[in-house]
Amino acid sequence: MARDTLTGSRIRERRAMSGMRQSELAREVGISASYLNLIEHNRRRIGGKLLVDIAQVLGVEPSLLSEGAEAAMIATLREAAAGTGRAQPELDRIDEFAGRFPGWAELVVENHRRIASLERVAATLTDRLTHDPHLATSMHEVLTMVTAIRSTASILAETQEIEPEWEKRFQRNLNEDSRRLAESTQQLVSYLDGAGDVGASLTSPMEEVEAMLAAHRYHFPQFEEADAEAQLDLEAFIAEQPQLTSQGARDLALAALRQLRADARVMPRDELSGVLEQHGMEFTQIMQHFRVSMATVFRRLAILSDTLLPQSLGLVMCDGSGTLMLRKPVEGFPVPRFSAACPKWPLFQALNRPLRPIRQEVTVTGREARPFECFAVTEAIGTAAFNEDPLYHSYMLVVPMERAVAQAREVGSSCRVCPSVDCEGRREPSILIQGL
């Protein structure tokens with residue numbers, strides 16, 4: 001049921017909430033009770049002055065009756081339904097549910113966001129405990145000190161006769177090793193205490209930028225307008241963001257929002273919505289319509305997918321060395337934070353084929369393997385110069401799929417070094433991509 005046909009249902013729910021009888025509301029707005037009954041059962045369309053009068057009597061804004069729940073709420077409800085893993089709810093009635101029961105809809109949305117936030121924290125801590133080099137070094141140092149103390153104590157306890165000079169030396173070593181163990185343990189405890197705090201876990205300017213983008217759900221409509229004062233507003237906005245604690249992070253955030261604004265100027269949101277309704281996710285048609293690069297299309301679709309598309313899309317970006325530079329996650333496709341990224345991602349394949357788009361179905365390994373359709377492309381950045389190699393950035397758009405396909409490639413959430421098999425069956429060592 002379309003959202004614009006639910007106005008009557010919203011009027012009926014609001015009237016019931018206010019305790020007003022149907023005949024009373026009809027009398028207040030000057031229509032018959034039978035006509036209001038047809039309106040409330042969505043058998044007559046309503047608008048104009050009558051809608052305004054009904055809204056005034058019910059004490060609500062007319063837009064709340066005519067438009068109902070916001071698009072973001074509808075999109076989040078769809079995400080919650082897609083992540084159940086069980087029999088799907090009535091997806092065709094999500095708009096009706098949000099319109100008739102806005103309080104319950106908001107509760108479902110809030111719980112879904114809270115669960116997603118907790119899952120991200122758990123994934124971050126798991127990735128850190130598994131791959132964080134600082135943690136591994138600290139644990140190794142603690143175990144080394146424990147082994148040394150155990151060995152020295154064993155000698156002192158089991159040896160019957162020890163020369164005084166050697167006994168003093170063992171005691172001195174035991175004191176020094178125990179002191180170092182206490183210091184290492186204290187540092188490790190302090191580090192783990194910080195790891196439990198999502199805010200304290202930010203270790204690089206880019207991670208601070210990603211936290212800021214995620215806090216705003218990658219949606220910044222106020223900076224998509226090309227007015228003369230936008231630059232001043234943008235810098236003031238960045239200065240107010242609590243996630244950006246370093247100057248490097250603020251500089252990166254400024255560059256990211258400038259890129260967002262530049263993409264919005266060449267691909268306006270309303271015009272893109274019309275193109276998507278006409279052509280769907282046909283990248284070539286979108287590129288030709290707006291006369292932009294495929295990377296621009298990827299960035300714009302990922303940023304606006306939560307409001308323009310029925311499902312959220314992910315985006316991963318890396319530089320020519322394979323270092324991840326930007327991550328917009330999508331549920332079921334974990335992007336590593338501390339470990340190396342999977343070398344079999346189409347993102348890295350595209351680095352070997354600049355300007356040649358790649359499409360690949362992949363399945364993420366794990367307890368609940370999920371299928372995705374990945375589109376990747378590598379493009380040169382900056383101005384070309386004679387006798388100089390260009391700099392490249394690679395982009396990968398991640399699109400969830402409903403079901404896996406037979407030829408899908410299995411990829412992991414993280415990888416050190418793994419073998420890859422080409423189409424002819426030859427096993428070749430894959431490249432080692434160092435992540436953040």
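Let's start at E210, a buried residue with a relative accessible area of 10%. The model you are looking at is predicted, and a good way into it is to follow its charged side chains from one pairing to the next.

E210 has a partner in R327: their side chains form a salt bridge, with 2.6 Å from N to O. Trace the chain between these two and you will see that the pair links distant parts of it, with E210 in helix 11 (residues 205-215) and R327 in strand 2 (residues 324-328), 117 residues apart. R327 has a relative accessibility of 6%, and because buried means under 20%, R327 counts as buried. E210, at 10%, falls under that cut-off too.

Why might such side chains pair at all? Side chains of opposite charge can do so when their charged atoms come close. In this model, 8 salt bridges are counted, so there are other examples to visit.

Turn next to the N-terminal helices. Here R15 is joined to E40 by a salt bridge whose closest N and O atoms are 2.7 Å apart. R15 sits in helix 1 (residues 7-18) and E40 in helix 3 (residues 33-40), so this pair ties together parts that lie 25 residues apart in sequence. How accessible is E40? Its relative accessibility is 0%, so E40 counts as buried. R15 is buried as well, with a relative accessible area of 12%.

Now move along to R359 and E361. These two form a salt bridge, and their closest N and O atoms are 2.6 Å apart. The surroundings of the two residues can be described separately: E361 is buried, with a relative accessible area of 7%, whereas R359 has a relative accessibility of 48% and counts as partly exposed. The pair also belongs to something wider, since salt bridges that share partners join R359, E361 and E373 into one network. If you have the side chains displayed, that trio is worth picking out together.

Our last stop is D263, whose place is in helix 13 (residues 247-266). Is D263 buried or exposed? D263 is buried, with a relative accessible area of 6%. Which residues does D263 touch, leaving aside those up to four places away in sequence? The answer is T296, R299 and R300.

Looking back over the tour, the buried residues include E210, R327, E40 and D263, while R359 is partly exposed.

Technical notes:
Residues are numbered from 1 along each chain as its sequence is written. This is a predicted model: local features need pLDDT of at least 70, side-chain atom pairs count only at pLDDT 80 or more; totals for chains, interfaces and linings use all residues. Side-chain values use heavy atoms; hydrogens and water are left out. Helices (H or I, at least four residues) and strands (E, at least two) are DSSP runs, numbered from the N terminus. Buried means under 20% relative accessible area, exposed over 50%, partly exposed in between (1.4 Å probe, protein chains only). Contact means heavy atoms within 4.5 Å. A salt bridge is a side-chain nitrogen of Lys or Arg within 4 Å of a carboxyl oxygen of Asp or Glu.
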